[in-house]
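Thanks, everyone. Please have the sequence and the model open while I talk. I'll start with one residue and work outwards.

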Amino acid sequence: MPEHLSWQEAATFTCAGLTAWSALTGAEIPQPGQWVLTIGSGGVALFALQFAKMLGCRVAAVTSRAEKTDRLRALGADIVIAATETPEWGMKLREATGGIDLVVETGGPTTFAQSLIASSLYGRIVVLTVQDAKGNSIEIPGAIYQRSLATIGRVFVGNRSGLEAMLAAVGKHQLKPILDKIFPFAEAREAYRHFMQGDVFGKVVIDGA
């Protein structure tokens, strides 16, 4: 556990943090200056944004809520697009960046097609969510994918060596996680209700102390 973290902060790294770390470093680590795309403002997306900036990458972020754009820029996002204002954001990102090198695809069926459009010719898309809450699955649009040589991969959390490497980097760079809200254990039900309503920015923590 890095010494600069509280117990509540450290607890956020073992699942969401490691998933984001594995998405960025599991197959091929993006190089400084390359473009990484993150989607949303949940724990994995924000960790991916922070880790990508730590690696020297440029970051494009897509959010469903325009009021979160300034907060994403404050974390280091170079480009932020509100999907409510620009539903067809894939081509806009491709034109602005020359093509995304690595997409951390946390949106699932609702965002996958746009992520594919945004990707560079030889880009990589790391998929975390393959179904939405209604059971709809990701579909690969043939008309789009036949114009692309992007690699589509899957990630699910990670392993102990990845956790140790991530925590070493976190300690070296004094990185702090983004906490949406901390609830006392007596309010655990309220914590889950707050999380499930979906309008969070970072991690929701239940303090068992």
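**From one leucine to the whole sheet**

Leu116 touches Ile125, Ile140, Pro141, Ile144, Tyr145, Ser148 and Ala150, leaving aside residues up to four places away in sequence. Keep in mind that this is a predicted model. Where does Leu116 lie? In helix H6, which covers residues 112-118. Buried or exposed? Leu116 has a relative accessible area of 2%. The cut-off for buried is under 20%, so Leu116 is buried. One distance for orientation: Trp89 is 27 residues from Leu116 along the chain, and their C-alpha atoms are 11 Å apart.

Now the cores. The largest nonpolar core has 36 residues. Which residues have the most contacts inside it? They are Phe13, Leu24, Phe51 and Leu72. Five elements are listed as giving two or more residues to this core: helix H2 (13-25), helix H3 (43-54), strand E2 (58-63), strand E4 (100-105) and helix H8 (160-173). H3 gives the most, with eight residues.

Take Phe13 in more detail. Leaving out residues up to four places away in sequence, Phe13 touches Leu5, Leu18, Phe47, Phe51, Met166, Leu167, Val170, Leu175 and Pro177. Apart from the largest core lies another, of 18 residues. Among its members are Ala60, Ile125, Ile144 and Ala150. Two of the names you heard at the start, Ile125 and Ile144, are contacts of Leu116.

On to the sheet. It is open, with six strands. What is the strand order? E3-E2-E1-E4-E5-E6, with parallel pairing. Strand E3 (79-82) and strand E6 (151-154) stand at the edges. Each has a single partner strand, so one side of each has no neighbour in the sheet. From one strand to the next, the twist averages 15°.

Look at one pair. Strand E1, residues 35-39, runs parallel to E2, and five bridges join them. Thr38 stands opposite Ala61 in E2. H3 packs on this sheet and touches E1, E2 and E4. The direction of H3 makes about 165° with that of E1.

Last, the cysteines. How many disulfides does a search of the whole structure find? Zero. Cys15 has 45% relative accessibility, so it counts as partly exposed. Cys57 has 2%, so Cys57 counts as buried.

That's my tour. I'm happy to take questions.

How values were computed
Residues are numbered from 1 along each chain as its sequence is written. This is a predicted model: local features need pLDDT of at least 70, side-chain atom pairs count only at pLDDT 80 or more; totals for chains, interfaces and linings use all residues. Side-chain values use heavy atoms; hydrogens and water are left out. Helices (H or I, at least four residues) and strands (E, at least two) are DSSP runs, numbered from the N terminus. Buried means under 20% relative accessible area, exposed over 50%, partly exposed in between (1.4 Å probe, protein chains only). Contact means heavy atoms within 4.5 Å. A nonpolar core is a set of buried Ala, Val, Leu, Ile, Met, Phe, Trp, Tyr and Cys residues joined through side-chain atoms within 4.5 Å. Two strands pair if DSSP finds at least two bridges between them. Axes are lines fitted to C-alpha atoms, for helices over the stretch in contact, and angles run from 0 to 180 degrees between N-to-C directions. A disulfide is a pair of cysteine sulfur atoms within 2.5 Å.
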